[in-house]
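Subject: Structure for you to look over

Dear colleague,

I am handing over the structure we spoke about, and would be glad if you read it alongside the notes that follow.

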Amino acid sequence: MSLNVLINGVGRIGKAVLKQLLKSDDFKIVGINDINPYIENIIYSINYDSTYGKYEDKFKIVENSFIQNSKTKIKITNFDSLCKIDLSNIDIIIDASGKKEDIKLLEALPVKAIFLTHPNKDANINIVLGVNEDKLDLTSHKIISTSSCNATALLPALKIIDDKKEILCGDIVTIHPLLNHQRVLDGSFVQSATRGVDLNFEFGRSSTQNIIPSRTTTIKACSYVLEKFNSNLISSNSLRVPTDTVGVINVTLFTKEISSKDEIKNLFLDFEKNQEFPIVLNNFEALVSSDFKKEKYTTIVDHRYLEVKQNMIKLLLWYDNEWGYASKVVDILDFYRKKYSQEKS
């Protein structure tokens, strides 16, 4: 069965989700809501993208408030709250706006489910594929967080190792591409209402000229999925770098059991061979960040930099923080759709 979808917010993640869903016959995008009041600008930003290139099946404006290409016709609205939208023909909402809406208000909306493309401790469930998708309960989970790009990349690797070796403590550093709330040139520091972290003075510095240290919400996001992986177990920080997409996480773990390098390598090789979703990819080639652009696998283990010293394990994990993360949002939607179809049949 096909589900009618409303996408709320067509920023970097919303556009990537939109373009991937357009390839599926199982979802019909019937609406886009964005606070940008200029439909011409919305359509322009969908058709042309500096990171991933132009969209070949271009949209055009029709009937004033619709956009259309050869595949579909989508209504555009500009409401500042989901509560103001006519949802009579909507099955699910993908909220990629980053706005922190009241969960009780979201639960009252007349749709089957709402997927939040950011971590939210108040959501009915936070899901990372390969970790806890089996916990999804359609009767009690209406507000579903698809977590964050960093947690989506990191948590499967942590679980794979923890299940076999028991992680005692660790540290991560996320090396993350620049984001829209950063400045191009030095100015006053920037705050972001959509991020659960206080931004510091360094975020007022030029994102194109500097490596910028920052705190990260990655481990907090992991704890919403699996409570064990919290800031008491794993410390973290982040470095923002002047690239457009693809991040990497430098991971150091200390485990209860001693391991060998081959043993850890084989854990990831076995997982890749048997996985249900495109999550883990094992890389042995001499690749750099741009080589992983538009890669659907989101826990890419770079075995050139795997190190094991008794009970210490070091990993380097690549992931496309936009297109790759959006692919997992789509995979979670499809997992939900299949489960919904099975339970309704």
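H303 counts as buried in this predicted model, because its relative accessibility is 7%, and the cut-off for a buried residue is under 20%. The residue belongs to a loop, the one that runs between strand 15 (299-302) and strand 16 (307-309). If neighbours within four places in sequence are set aside, the residues in contact with H303 are K265, F268, N282, N283 and F284.

Strand 7, which comprises residues 113-116, is covered on both of its faces, with A113 and F115 buried on one side and I114 and L116 buried on the other. Strand 7 runs parallel to strand 6 (residues 92-95), to which it is joined by 4 bridges, and it also pairs in the parallel sense with strand 9 (residues 143-145), here over 3 bridges. I114 can be followed through both pairings, since I93 stands opposite it on the strand 6 side, while its bridge partner in strand 9 is I143.

I also looked at the second largest pocket, whose volume is about 200 Å³. Its lining consists of 13 residues, and those closest to the centre of the pocket are V30, G31, K75, D86 and N89. Two elements, strand 2 (27-33) and strand 5 (73-77), each give two or more residues to this lining, and strand 5 provides the largest share, with 4 residues. Sorted by class, the lining of the second largest pocket holds 7 nonpolar residues, together with 3 polar and 3 charged ones.

As for the chain as a whole, it has 7 helices and 17 strands, and its C-alpha trace spans about 65 × 55 × 35 Å along the principal axes. The radius of gyration of the protein chain is 20 Å, which agrees with the value near 20 Å that a compact globule of 345 residues would have. Buried residues make up 55% of the 345 residues, and H303, at 7% relative accessibility, is one of the residues that count as buried. Among the contacts in the protein chain with a separation of 6 or more, 66% are between residues that lie 24 or more positions apart.

Please go through these points with the model open.

With best regards

Note on methods
Residues are numbered from 1 along each chain as its sequence is written. This is a predicted model: local features need pLDDT of at least 70, side-chain atom pairs count only at pLDDT 80 or more; totals for chains, interfaces and linings use all residues. Side-chain values use heavy atoms; hydrogens and water are left out. Buried means under 20% relative accessible area, exposed over 50%, partly exposed in between (1.4 Å probe, protein chains only). Contact means heavy atoms within 4.5 Å. Two strands pair if DSSP finds at least two bridges between them. On a 1 Å grid over the protein atoms alone, a cavity is a set of points where a 1.4 Å probe fits but cannot get out, and a pocket is an open set with protein on both sides within 12 Å along at least five of seven lines; lining residues have an atom within 4 Å of a point. Grid points are joined across faces, edges and corners, and a volume is the space filled by probe spheres set on the points. Ala, Val, Leu, Ile, Met, Phe, Trp, Tyr, Cys and Pro count as nonpolar, Asp, Glu, Lys and Arg as charged, and the others, Gly among them, as polar. The radius of gyration is taken over C-alpha atoms; the globule rule is 2.2 Å times the number of residues to the power 0.38.
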